[in-house]
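Let's take a friendly walk through this model together. Please have the sequence and the 3D view at hand.

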Amino acid sequence: MSYSAKIGPSILSSDLACLGSECVRMMECGADYLHLDVMDGHFVPNITFGHPMVECLRSCVGPDPFFDMHMMVSRPEQWVKPMAAAGANQYTFHLETTTNAGNLIKEIRESGMKVGLAIKPGTTVEELAPWAGQIDMALVMTVEPGFGGQKFMEDMMPKVSWLRSQFPSLDIEVDGGVGPSTIHKCAEAGANMIVSGSAVVSSDDPRSVITMLRTAVSEAMQKRSLDR
């Protein structure tokens with residue numbers, strides 16, 4: 001089993017006036033990576049931030065934290081080079097935004113970043129499957145992208161289970177409404193990269209929430225390997 005349990009707080013749930021210190025705080029509380037949501041007001045209705053902010057955050061936190069860029073943008077090819085230059089580590093684009101995923105995957109890899117491929121709730125997992133051998137991570141959205149605070153969509157778990165059965169060593173990320181009350185469903189389905197927003201960031205004790213989430217995933221992974 002070549003994948004591991006990783007917890008990535010969604011920094012959009014932070015106090016945006018203190019984003020740099022919030023990123024540092026999350027890493028100090030045991031986060032494995034940071035999930036950065038980029039929205040352009042086209043692919044999703046909201047607007048967040050772009051590569052200048054990422055560059056500032058990289059300067060603030062140093063070279064070590066892994067930046068997983070969730071690019072909720074209608075022209076993902078436009079931002080590959082700027083994000084790479086700004087210090088992004090993984091570029092996760094939405095399958096729904098491109099007619100040439102293969103070219104985009106190649107471009108991301110050539111820029112020195114890892115490749116993530118995301119699908120919205122309405123997109124079938126079979127549409128992602130042809131690219132699964134060329135990417136580092138598949139992101140199964142468990143809410144509609146673009147807004148925080150939505151209810152977790154449990155009916156997305158069969159997508160995760162199918163991906164785990166078909167691509168046993170692939171990193172599989174879930175994002176949206178994931179926290180202590182929903183983590184076990186994600187972990188049992190086979191997700192290993194867990195994005196959690198307010199459940200971690202707004203907690204009085206983020207460290208204990210991160211530990212709880214990671215333990216749930218690790219235990220499910222252990223059970224899966226014993227069941228094989």
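The report below starts with an annotated site, then turns to a loop residue and the nonpolar cores.

## The annotated site

This is a predicted model. The UniProt annotation "binding site", from an unreviewed entry, covers His35, Asp37, His70 and Asp175. These residues span 141 residues in sequence, yet no two of their C-alpha atoms are more than 10.6 Å apart, so they gather at one spot.

## Asp37 and His70

Two members of the site are worth a slower look. Asp37 sits in strand S2, which runs over residues 34-39, while His70 belongs to strand S3, residues 67-72. Asp37 is buried, with a relative accessible area of 6%. His70 also counts as buried, at 0% relative accessibility.

Their side chains meet directly: a polar contact of 3.1 Å links His70 and Asp37. The side chain of Asp37 also makes a polar contact of 3.0 Å with the side chain of Ser10. Leaving aside residues up to four places away in sequence, Asp37 touches Ser10, Leu12, Thr48, Phe49, His70, Met72 and Asp175. With that sequence window again left out, the residues touched by His70 include His35, Asp37, His94, Met141 and Asp175.

## Thr48, a neighbour from the loop

Where does Thr48 lie? You will find Thr48 in the loop between S2 and helix H2 (51-61). Thr48 is partly exposed, because its relative accessibility is 24% and the partly exposed class runs between 20% and 50%.

The side chain of Thr48 reaches backbone atoms at two places. One of its polar atoms lies 2.8 Å from the backbone oxygen of Asp37, and the backbone nitrogen of Met39 lies 2.9 Å from a polar atom of this side chain. Not counting residues up to four places away in sequence, Thr48 touches Leu12, Asp37, Val38 and Met39. Glu28 is another matter: its C-alpha atom and that of Thr48 are separated by 24 Å, with their positions 20 residues apart along the chain.

## The nonpolar cores

In soluble globular proteins, nonpolar side chains tend to be buried together. Here, the largest nonpolar core has 65 residues, and Leu36, Met69, Phe93, Leu128 and Ile194 touch the most other members. Helix H9 (residues 206-227) gives the most to this core, with 7 residues. Apart from this core lies another, of 8 residues, among them Met141, Val143, Met193 and Val195.

Met69 shows what such a core member can touch. Beyond residues up to four places away in sequence, its contacts include Leu36, Val38, Val54, Met83 and Ala88.

Key: Residues are numbered from 1 along each chain as its sequence is written. This is a predicted model: local features need pLDDT of at least 70, side-chain atom pairs count only at pLDDT 80 or more; totals for chains, interfaces and linings use all residues. Side-chain values use heavy atoms; hydrogens and water are left out. UniProt positions are given in the numbering used here, feature names are shortened, and annotations may be inferred rather than shown by experiment. Helices (H or I, at least four residues) and strands (E, at least two) are DSSP runs, numbered from the N terminus. Buried means under 20% relative accessible area, exposed over 50%, partly exposed in between (1.4 Å probe, protein chains only). Contact means heavy atoms within 4.5 Å. A polar contact is a pair of N or O atoms within 3.5 Å; within protein, one must be able to donate a hydrogen and the other to accept it, and residues adjacent in sequence count only if both atoms are side-chain atoms. A nonpolar core is a set of buried Ala, Val, Leu, Ile, Met, Phe, Trp, Tyr and Cys residues joined through side-chain atoms within 4.5 Å.
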